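Me: I'd like a close look at a single part of this protein, with the side-chain contacts around it. Could you walk me through the sheet and whatever belongs with it?

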Amino acid sequence: MFKISQKVLGLSLRSRSNNIRFCKLPSSHATTVLKNYAANSCVNYSSFSEPDQSSTYLVFDRKIKKLQKDRAARNVDTSRQVDYLKDEVANRIVDRLLDIKRRFTTVVEVGSGCGHIAKAIDSDIADKLIMCENSVDVERRQMDEEIPDFEHNSCEAIVSNLSLHWVNDLVGSLIKIRQALIPDGVFIASLFGGDTLFELRTSLQLAEQERLGGISPHISPMVDPRDMGGLLSRAGLNIPTVDVDKIVVNYPSMFHLMADLNYMGENNAVFKRPSTIKRSTLYAANSIYKEMYGNQDGSISATFEIVYLIGWKPDPSQPKPLKRGSADNEYNKKTFAIFIISTYGEGEPPSNSVLCFRKLARRSKQALKTAGMPETAQNGSASSDYKHLHFCVLGLGDTNYSRFCNASKSFIGYLDSLGATGFYEHAFADDGLGLEHVIEPWTKKLFENIHSFIEPLQAIPSIENPSNPHQIAQNEPHSTNHVELPSWNVHRKYSSSSNRTLFIDYSKLGKVDKLTGLPKLPKLNVVLNIIPDSNIIDPASLNSKGFPNSFQYPKWLFSSESVDLNPTLNSNDLSSNDSSVDRVFLSRISTSECIIAQDAAKRTLLLDLDISEPGQNSLIPFSNFIGNSSASNLWQAGDSFGIVAPNDPLLVSAILSRLGIDRSLWHLKTSISIPPNSPAPSHLAQFVRLPSSPSPQLSNEKNSDLQTPQNNLLTGESSFDNLPTLFELFLYKLDISSFPKKQILRTMADFCSDLADKSKLMLICSKNGLPIFNNLRESNSIVSLLDILNTFKSCKIPIDALVELLPPLVPRSYSISSSPLTNKNSWKFAFNIVEHDLNSDFDKSSSNVPSQNIGAEVQQSANISADNFSINDIQNLSAEVSDISISSNLKKYGVCSSWLDSMCNYPQAPKSIKPLDYLQSHSLINKNSLLSALSSSNSDNNSSLDSSINTSNATNAQSHQYIPIFYRKSATLFRLVNSSSSENLNGSRTNSSLGESDLCQRPIVMVSSGTGITPFIGFLEQLANEQLGSEKKLNRSVHIYFGCRNKYLDFIFADKLGFFLNNTILSSLNVCFSRPDSHTSVSTASDYNSSDNAAVHNLPILNAQSNTASSKLVAEVNEKYKYVQDLLDRDAEKLTDLVLAQKARIFVCGNAIGMGKDVNSKLAEILLSSSKADISYKIEMLKLLDIDSSAENLENDLTIIDANKALMKLATAGRYNRDLVIN
């Protein structure tokens, strides 16, 4: 069994298979596909469908088949997109030709189609290829494959690729082919077998039986592979060889499959077939197809059974076949192999390896039978064939399903019984816990030692003197001398709850006597070593929670190994080779303000970061850590950067206290030790040291196999600056806010002293407790590690294990809302303060349920396992209540946003936001006027703000507030094209075929919601600067479609958008409000000296356009628009003209799951409907799709698939750019 995928086939036409074929077809679009299929394939050819009465027995209407092939041949572009199947089979036919150790002068192909064999064959096989095809529209030799017309004894080799299954008299055709061959000439062919499209056949038959009470022949009859050997012999061909292969292709729906068959020319051509099929029947068949043969991703599978035939014209010189089983398959030398095997369903192997597993199973069974025979009798046994094979296996599975990694384990058993030898330990990765936990260390260790396996063993280097140690200091641009880095204040007005206990109801699981799918305990390698006398914090400065009121940034945070930056620099940038571009550095918070009103549902802050480097004569002691000149000279509007934010110290303190770690150890330097040849987690590798002896360890376990050299520090390391304290390890490196994975829960269960706690944890991380596990990790539950520890009070997991198992704390990324043309050292960005109310089902207390008597009777945790588990061991099945009272106003806050809020001293929100026309009196005259408009903040005229808190007016309060950041160039090339650039949208020379000759005049359409508008403010800044620097007016239209909740409360950047609109930088502004009435109190227009603001802002939708004559903002309203996709639908005709006629660029920024997905669907619908309404737009669509604008193509309707493909073409050309995030 062979399953087609994009990687396997390597198609040149990747756009269809990569982007269309495996996408999900919305039900609303199925009608369009169905109509297109019906228009092209359900045609009544009854006028010439009568069979030739002179023939003995005819099944297929050859005239109809010729017309179907002609139509496919004329539709060149579309038919080439469905060549994937015939091209693949053609390659396999050519492989069979290569097996023949003979060079052919001429090879004849019968039923050549577009030349699939010609694509695969080369001059090493044959000097000349003659292609014969029945279709008149193929420029080849015209010949009906049913009646081959060749001279006798004239052909060395004849091949046929998926064509002979339409022949009525197959034996007669084979006889004519045999007559055309020279003696010892070969015939190789492929044709569809009887199991081809059995899924489609079954679905249509069941649907018709249910709808019509009978069935019709919608799928042509195919040959039975078991009969083909007899047919070859009957035709007079010697040494007949028949083998069968199955190719499975995934399609979004049955309609996509039928459309591809149509474009292949493989329509039904049976005599007396029904000319039409009812739409209801097709819809029913599609539903049956998905129900019976659907995949987990929503696609369907279609099976193509390929029968390969090989026959030879008789000749005395032909070799005789050897006796079966006499071939020598033994490896002649030592062979190494690495197998990666996944498991599907109930332990089955992948579908493309079923035949391999069956053969290995048979040979393994045979080998086991011969194991007891004398050695002389085993020489020809199956086990001797594999004795030179040395192998290892990486199994992929999921413990949420039964028979974990059964396929890979069976494979290992087969090879072991066949005499193969394992040269490296096998590994089994669990997707339920995270494949990376097994794959990363296994592959790293494998490739580190691969040469020792393949080549003769060499001396192993001394571990005490590693050849490539973690010498962090040499990668740093700073001096190794001790430097006092800046501090940040830990005071937070709002902190996440640290005493939350979960209310879990186990009764819904029913009776559980045995646990299934329980994760295996991970092998723990990490040991934390506390370094005595390394406390750099005065114990007297600690607060009641055990940490200081301010933390100094550690030096190791700025090392090259601290953050996995994953730079995505463009190769076209000359500065991309500068390794300092993406280093972590300190940036100063210049200003901060809250840009939404007090009564808004969320708080949104706007920060301005100074990324400039101090001068060489700077007196700042940590000046080498401040700023990044390389990034200053490289970044552009639309780029993003990452912030290395710490966890909440209160939560770190709560976790360490909960684990019983003595506070005297919290702020001592800590190193990590691991056994020899054991991998360390990648985010902790910079702290791996060889422990000194003796060294206090936080774990009670003995680690006699650890290395203990004389010195704890690496060569050249003169201080502890490159090591964290235990508190810093949890503060900066470990993710303690996310829900723990099963691997952590399973480990925690083993360290529970209470039997009930262990039973509950084991149940949650097993397959039996999957409903509870899924509910706990849902986004609205917001369950963290501390919540689990508070709930299961007897759990005392060692801190070493927790450090090893916790995932890394990932930096947060933000888009820049400014332009380097305004100030290259200023990064502005806006973000929402993330805040969650803890009101899920796990936060509901019950006063009627008696509290647990946890710890009243301590039981040994070893008394319970998966086999002797009983749900009766869990007390209070209906509920679980903590001794701690549950507050009704518990909250959790975002890691980075809440930290930044505290760093800015919680800027107060204004009573109301500035209206759209607040800056109407400002004109864009020069750069100073632009700077004046951009520096306007909501707090300028707000008397309610205290100047000591308003950081926009209190620069001194923020002058020493620094945050660690790093530059990230946009991986999606989410950038405008500078008008002075000579390059096109993709960074290469202008492509005239795409009309890139005048980029500065190209329209721009921006679509966003919420803080997704942030990069677009930078775009408008850039356009304004370009206008100021141009001698002539840049007549480029710019249109924004923006959605937010409420016009009074969270219409962010309204005043700046009005400024750009009034000064014709922005051509139109279209704003909708999803919750126009969700406000309690607002300021009047007079608060901002705006007489007409109330009239504009009392409307649910605002559509403003610049008016150069009056310089006033005009608003049009309509109450039915609430989301940006509604606005796009309203302006469908305008957008179509912008995109297709004026070659506009589209930018979309926001949430990927909600807004991003809906906007993409709406744009596709708009393009599709416009192509049907206007012939000129259809021509432009055909150009985008690289389809000839012939009369026939213009008559055929485009489909939603074509519209999505057009969007992908636009994305490839740089005209459809999306910067989407998953919240």
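Reply: Here is a walk through one sheet, followed by the charged and aromatic contacts. Keep in mind that this is a predicted model.

Let's start with the strands. Six of them make an open sheet, and reading across it the order is β20-β18-β24-β16-β17-β21, with antiparallel pairing. The two edge positions go to β20 (812-815) and β21 (826-832); each has a single partner strand, so one side of each has no neighbour in the sheet. Going from one strand to the next, the twist averages 40°. As a reminder, strands in a sheet pair through backbone hydrogen bonds, in either a parallel or an antiparallel sense.

Now zoom in on β16 and β17. These two pair in the antiparallel sense over six bridges. If you want a spot to centre your view, E593 stands opposite L606 in β17. The side chains add a contact of their own here: R588 and D610 meet in a salt bridge, 3.1 Å from N to O. R588 belongs to strand β16 (residues 585-594) and D610 to strand β17 (residues 604-610), so this salt bridge ties together parts that are 22 residues apart in sequence. How buried are the two partners? R588 is partly exposed, at 21% relative accessible area, and D610 is buried, at 16%. The cut-off for buried is under 20%, so R588, with its 21%, counts as partly exposed.

Next, the aromatic side chains. The structure holds 40 aromatic pairs. One of them joins W556 and F687: the ring centres are 5.0 Å apart and the planes sit at 85°, so this one is edge-to-face. That pair links distant parts of the chain, with W556 in the loop between β15 (550-552) and β16, and F687 in the loop between β19 (670-673) and α19 (726-733), 131 residues apart. Both rings are out of reach of the probe: W556 is buried with a relative accessible area of 0%, and F687 is buried with 0% as well. There is also a cluster to select in your viewer, in which ring pairs link F585, W635, F641, Y814, W827, F829, F831 and Y967.

For a fuller picture of the charges, step away from the sheet. The count of salt bridges comes to 26. In one of them, the side chains of R92 and E88 meet at 2.9 Å, N to O. These two residues both lie in helix α6 (residues 84-98), four residues apart, about one turn of the helix. R92 is buried, with a relative accessible area of 10%, and E88 is buried too, with 12%. The pair has company, since E88, R92 and D245 are linked in a network of salt bridges.

R1130 is another one to click on, as it shows up in two kinds of contact. It forms a salt bridge with D1131, the closest N and O atoms being 2.9 Å apart, and the charged end of R1130 also sits over the ring of Y1121, 5.5 Å from its centre. R1130 counts as partly exposed at 25% relative accessibility, whereas D1131 counts as buried at 12%. A lysine makes a contact of this charge-over-ring kind as well: the charged end of K409 sits over the ring of F428, 5.4 Å from the ring centre.

Key:
Residues are numbered from 1 along each chain as its sequence is written. This is a predicted model: local features need pLDDT of at least 70, side-chain atom pairs count only at pLDDT 80 or more; totals for chains, interfaces and linings use all residues. Side-chain values use heavy atoms; hydrogens and water are left out. A salt bridge is a side-chain nitrogen of Lys or Arg within 4 Å of a carboxyl oxygen of Asp or Glu. Buried means under 20% relative accessible area, exposed over 50%, partly exposed in between (1.4 Å probe, protein chains only). Two strands pair if DSSP finds at least two bridges between them. Axes are lines fitted to C-alpha atoms, for helices over the stretch in contact, and angles run from 0 to 180 degrees between N-to-C directions. Rings of Phe, Tyr and Trp (its six-membered ring) pair if their centres lie within 6.5 Å; planes under 30 degrees apart count as stacked, over 60 as edge-to-face and the rest as tilted. A charge sits over a ring if NZ of Lys or CZ of Arg is within 6 Å of the ring centre and within 35 degrees of the ring normal.
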